[in-house]
Amino acid sequence: MRIALAQINPLVGDLAGNARRILRACQDAHRAGADLVVTPELALWGYPARDLLLNRSRVSAQSREMDWLSGELAALAPHLGVLVGLVEPASDQQQPRLFNAVALIRGGHWRVVGRKQLLPSYDVFDETRYFRAAEGPSVLDFPTEERTWRLGLTICEDLWVDGSLHEERLRGPDPIAALAEQDVDLLLNLSASPFGRHKTSKRQQLAGQAAQRLHCPVIYVNQVGGNDELVFDGASFVAVPAPEPSAPALQLPSCREAVQIWATDQQLERRTALITPSEQNELEPLFRALVLGVKDYARKCGFQQALLGLSGGIDSALVAVIACAALGGEQVQGLLMPSPWSSKGSIDDAQTLAERLGLRTQIAPIQSLMDGFATTLEPVLGGRPTDVTAENLQSRIRGTLLMAMANQQGQLLLSTGNKSELAVGYCTLYGDMNGGLAVIGDLYKSSVFALCAWLDSDASQACRRDLGLPSAGELVGRAIREKPPSAELRPDQKDSDSLPDYAVLDPLLRDMIEERCSREDLLARGHATGDVDRVQRLFQRAEFKRRQAPPLLKVSGQAFGTGWRLPIAAV
């Protein structure tokens, strides 16, 4: 049997458009001689559909689109089978009213053939809000000219059952163990698994273990594309039974759509070992995920152009590079807004960066606006604004100018703040936090430096070329990378005046955020008492800012997005 892995990029809620995407994938698969096409989890809806699933008229429209798709596929290839991720309404009126399901289209008809058993409700996932869990495993008998194949069907989380690899293993059945009793020939997993650090390797290890347990190959098909804060990297694959973790028998690309065929009679030669994840070999996947996130957020929200404030600092430099890779330099505009405290070096660095990237820039000095605010506020404050008030006014002036330009020109405003700043509140509401998307809001400052160093290295040249960026020479530039971080809101200001060095701050924040460490745990891990107390205080006080931040692209195990649910008024 020839199986097509259809790694598609759906638009959430666009049932008609997604049905056409599936049809195009099936046309490609048919030309390649496929017998069966496998699409991702909820491929007809796009994942996550969230409260669109509560719209009964939209759920009813699903049948119409599946009928249309069935008719088109019957005309194309009557014997071609297609597994489509969709929802299945329950037969009663109890809540929740849906199953996360799989349907088989073949011969002009469609029917539900599988349901998801394990429903994640941790981090960004909230499936128990919408779905019921299946009560048992799903097995499909799929006849071809040669024989009838016994296919085990699982959906995403159903594969994540090894507690040693998945710390958030859900309480519930083990779908792989249940399928071991069914003597299946193949295990299919329809997934919508977002990008994450070392996630590709973990998926392959889980699938490899399932292949060993079931003594059969595992076909893993993942969604690709950016949907709001989540970036789905695709990287679908086929795992075959092996005594040791080994590379997939077939590997689809990451961060782009693809349809590839795997034949069951393909020679299963000895596979090479899995690549051990490391910080260095995770930088290119991270960069590609951020580029895809910006590209799809803009496209799916109807934007063709983006705007950002260019300060000459490393954060705005990285966001500019990502935006140009996502949209093309001609579609990105940078606004320089120098104040009396902006160094000439920063202005020159920003303009040099823009020239390398081919993006347009304009300059709007803010001295007169600062004076105007100060003059207006002086009588009501009993004096001119000073200290943090004056600094925040500069940021809010810049934020207002950026929003005005974005509104007037129909651009997506990209916020340039990083995760370290957002964690401790080193950012200004209605100022530098303005924007429609926080591109690097889930990157610590140290990660920003690491990614920029990689971009300026020879190791990034192939990736830069592939994404349409200049491939020769520096991109961010040594001057920007080696400049001490500074908001430049007062004379000779440095981030280290207000915060611990990032080499100290970021590991502490990782332990607080990703690991949820208590004060005692942090001290036991070697963090200094003064740093712990100071940073915990700043962190708690900044929760109200995080609640009002623009959506950010999630690339870590714990981001300040929909999976972050701390109260504001709390101790």
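What follows is a set of questions and answers about a predicted model.

Reader: Let's start with the open sheet: in what order do its 6 strands run?
Author: The pairing in this sheet is mixed. Its edge strands, E7 (138–143) and E14 (250–251), each pair on one side only. Reading across, the order is E7-E8-E9-E10-E13-E14.

Reader: Zooming in on that sheet, which residue of E10 does Ser 191 stand opposite?
Author: Strand E9 covers residues 186–191 and strand E10 covers residues 218–222. The two pair in the parallel sense over 5 bridges. Across from Ser 191, in E10, you'll find Asn 222.

Reader: And helix H4, at about what angle does it run to E13?
Author: H4 takes in residues 199–214 and lies across E9, E10, E13 and E14. Strand E13 itself is 237–239. Relative to that strand, H4 runs at about 40°.

Reader: Which helix gives the largest share of the largest nonpolar core?
Author: Nonpolar side chains tend to be buried together in soluble globular proteins. Here the largest nonpolar core has 62 residues, and those with the most contacts inside it are Ile 22, Trp 45, Val 82, Leu 159 and Leu 187. The largest share of this core is 7 residues, and they come from helix H1 (residues 15–31).

Reader: How many residues does the other core have?
Author: This one lies apart from the core of 62 residues. Among its members are Tyr 297, Leu 357, Val 439 and Ile 440. Its count is 54 residues.

Reader: Helices H5 and H11 pack against each other; are they roughly parallel or roughly perpendicular?
Author: Two packed helices are described by the angle between their axes and the distance between the axes. For H5 (residues 283–300) and H11 (residues 445–455), the axes are 10 Å apart and the angle is about 100°. That angle falls within the 65 to 115 degree range, so H5 and H11 are roughly perpendicular.

Reader: Which residues of H11 make that contact with H5?
Author: On the H5 side, the contact uses Leu 283, Glu 284, Leu 286, Phe 287 and Leu 290. On the H11 side, the residues are Ala 450, Leu 451, Trp 454 and Leu 455.

Reader: Strand E17 next: how many of its residues are buried?
Author: Val 332, Gly 334 and Leu 336 point one way from E17, while Gln 333 and Leu 335 point the other way, and all are buried. The strand is largely enclosed by the rest of the structure, because the buried count for residues 332–336 is 5 of the 5.

Reader: Which residue in E17 stands opposite Leu 308?
Author: Strand E16 (residues 306–309) is joined to E17 by 4 bridges, and the two run parallel. Opposite Leu 308, the E17 residue is Gly 334.

Reader: Is Leu 327 buried or exposed?
Author: Leu 327 lies in helix H6 (residues 314–327). Leaving out residues up to four places away in sequence, Leu 327 touches Lys 295, Ala 298, Gln 304, Gln 305, Ala 306 and Val 332. Its relative accessibility is 17%, and buried means under 20%, so Leu 327 counts as buried.

Reader: Now Asn 9: with which side chain does it make a polar contact?
Author: Asn 9 is found in the loop between strand E1 (2–7) and H1. At 11% relative accessibility, Asn 9 counts as buried. Residues it touches include Arg 21, Glu 257, Asp 296 and Arg 299. The polar contact, at 2.8 Å, is with the side chain of Lys 300.

Reader: How about Ser 415: which residue's backbone oxygen lies 3.4 Å from a polar atom of its side chain?
Author: Ser 415 is found in strand E19 (residues 412–415) and is buried, with a relative accessible area of 6%. Beyond its sequence neighbours, Ser 415 touches residues including Val 319, Met 433, Asn 434 and Pro 550. The backbone oxygen in question belongs to Asp 432.

Reader: Last one: which residue's backbone nitrogen does the side chain of Asp 506 reach?
Author: Asp 506 lies in helix H14 (residues 502–513) and is buried, with a relative accessible area of 0%. Leaving aside neighbours within four places in sequence, its contacts include Ser 420, Tyr 444 and Ser 446. At 3.4 Å, its side chain reaches the backbone nitrogen of Lys 445.

Key. Residues numbered from 1 in each chain as written. Predicted model: local features only at pLDDT ≥ 70, side-chain atom pairs only at ≥ 80, totals over all residues. Heavy atoms only, no water. Buried < 20%, exposed > 50% of the residue type's maximum accessible area, 1.4 Å probe, protein only. Contact = heavy atoms within 4.5 Å. Polar contact = N/O pair within 3.5 Å; in protein donor to acceptor, adjacent residues only side chain to side chain. Pairing = 2+ DSSP bridges. Axes fitted to C-alpha atoms, helices over the stretch in contact; angles between N-to-C directions. Core = buried A, V, L, I, M, F, W, Y, C linked by side-chain atoms within 4.5 Å. Parallel < 35°, antiparallel > 145°, perpendicular 65-115°, else oblique.
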